[in-house]
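Hi there,

Here is the structure I promised to pass on. Have a look at it first, and then read on for my notes.

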Amino acid sequence: MTVVLSRTATSKSRSDDTRAAARPSLPKGAAVGFLLAALATVVWSGSFVTSRALHDSVPPVQHAFWRWVVALVAVAPFGARQAWRQRASIRRHFGFVLLASLLGVAAYNTLVNQAGLTTPAANMGMIMAASPVLMALFERAAGVRLGGRRVVGLLTACAGVVLLMAEGPGGARFAAGDLWMVAAACCFASYSGLLRRKPAELGGTAFLFTTFLLGTVLLLPVHGVSLAVQGGFEPTAGTVLPILYVGVVSSAVAFFAWNRAIALVGPSRAGLVYYLQPVCVALLSWALLGEATGGTQAVCMALILGGVVLGASGRR
């Protein structure tokens, strides 16, 4: 009898272990991907505040140009040698790298800075929250199944963003700069979708360094025109320190984190985390600018966070 009970207990224990192992759980790589996407999102939220803060002291193109010069210097010690070793692969996929540089480096951040001339930082963050929808559409168009749970999470977070926009400062009224932000959102979503197709032979650091370099080169002639027409800006602590922040943290660190997140979890799931951006911008506005956050904003944030959690837990 003792032996029978022991065997039965052992069999039950093994059965429980099997069921526990079969339960869906978030893989370690996916968890790291979501954390990296969250890091990039939080950092980029601060860059929107920076773009708005510099709107009357640094012309948008010059802001973007010097941002990428700083980023290039920051990444060079890690990426220049790797890029040189992979120069044959870079030449072979030069069209891909050039398009990524145009969308993710030269165009995207210049459009954000241009929007900062007339659009509050909170509006910038809320409009950029539309890019996850575009990322999901691009991924679906490429034949990737999103899954029901992820779609529900996407729609839930989207509803929170729409409600937040409708209840934002001045209601749903948009400034001219909001159109620039729509264009920026399209560029960023296209860049994120493009990353999904990055050739495996291109190393992450080499790819980052090369896109920063090409993006800076693309901005160079436009920067010259801006200098001739608008003049330069005064290099003070109030202008140099924000540019150092966006160059090192918002560019070198955040783009590396985002690119790695795309590789680990894909554009649509990383895009779900990007929905946290309006929440981060609202919290930064409250902490740094003293803007009040009411009950409606709290409900919107709960919807966004809930949508992110729901979508992140769906199968890939």
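Below is what turned up, grouped by topic. Please keep in mind that this is a predicted model.

Let's start with charged pairs. The count of salt bridges comes to one. The partners are R92 and E201, whose side chains meet with an N to O distance of 2.6 Å. This pair links distant parts of the chain, 109 residues apart. R92 belongs to helix α4 (residues 87–92), while E201 sits in the loop between α9 (176–195) and α10 (204–230). If you are wondering how open the two ends are, R92 is exposed, with a relative accessible area of 54%, and E201 is partly exposed at 37%.

Next, a polar side chain on the inside. Q62 is part of helix α3, which covers residues 60–85. Its relative accessible area is 1%, so Q62 counts as buried. What does the side chain of Q62 have as a polar partner? One of its polar atoms lies 2.8 Å from the backbone oxygen of G231. Leaving aside residues up to four places away in sequence, Q62 touches H223, S226, L227, G231, G232 and F233. G231 therefore appears both in that list of contacts and as the residue whose backbone oxygen lies 2.8 Å from the Q62 side chain.

Helix α7 (residues 131–141) is worth turning around on your screen. Its buried residues include S131, P132, M135, A136 and E139. These five are on the same side of α7, because they cover an arc of only 140 degrees around the axis. The general background is that an α-helix has 3.6 residues a turn, so residues three or four places apart point the same way. On the face of α7 turned away from the buried side you will find L137 and A141, which are exposed.

Finally, the cysteines. How many disulfides does the structure hold? The number is zero. C186 and C187 show why: the sulfur of C186 has its closest cysteine sulfur in C187, 7.1 Å away, and that is too far for a bond. A disulfide would need the two sulfur atoms within 2.5 Å. Seen from the other end, the closest cysteine sulfur to that of C187 is the one in C186. As for their surroundings, C186 is partly exposed, at 37% relative accessibility, whereas C187 is buried, at 13%.

Happy browsing, and do write back if you would like to go through any of this together.

Best wishes

Terms used: Residues numbered from 1 in each chain as written. Predicted model: local features only at pLDDT ≥ 70, side-chain atom pairs only at ≥ 80, totals over all residues. Heavy atoms only, no water. Salt bridge = Lys/Arg side-chain N within 4 Å of Asp/Glu carboxyl O. Helix = DSSP H or I, 4+ residues; strand = E, 2+ residues; numbered from the N terminus. Buried < 20%, exposed > 50% of the residue type's maximum accessible area, 1.4 Å probe, protein only. Polar contact = N/O pair within 3.5 Å; in protein donor to acceptor, adjacent residues only side chain to side chain. Contact = heavy atoms within 4.5 Å. Arc of directions from axis to C-beta.
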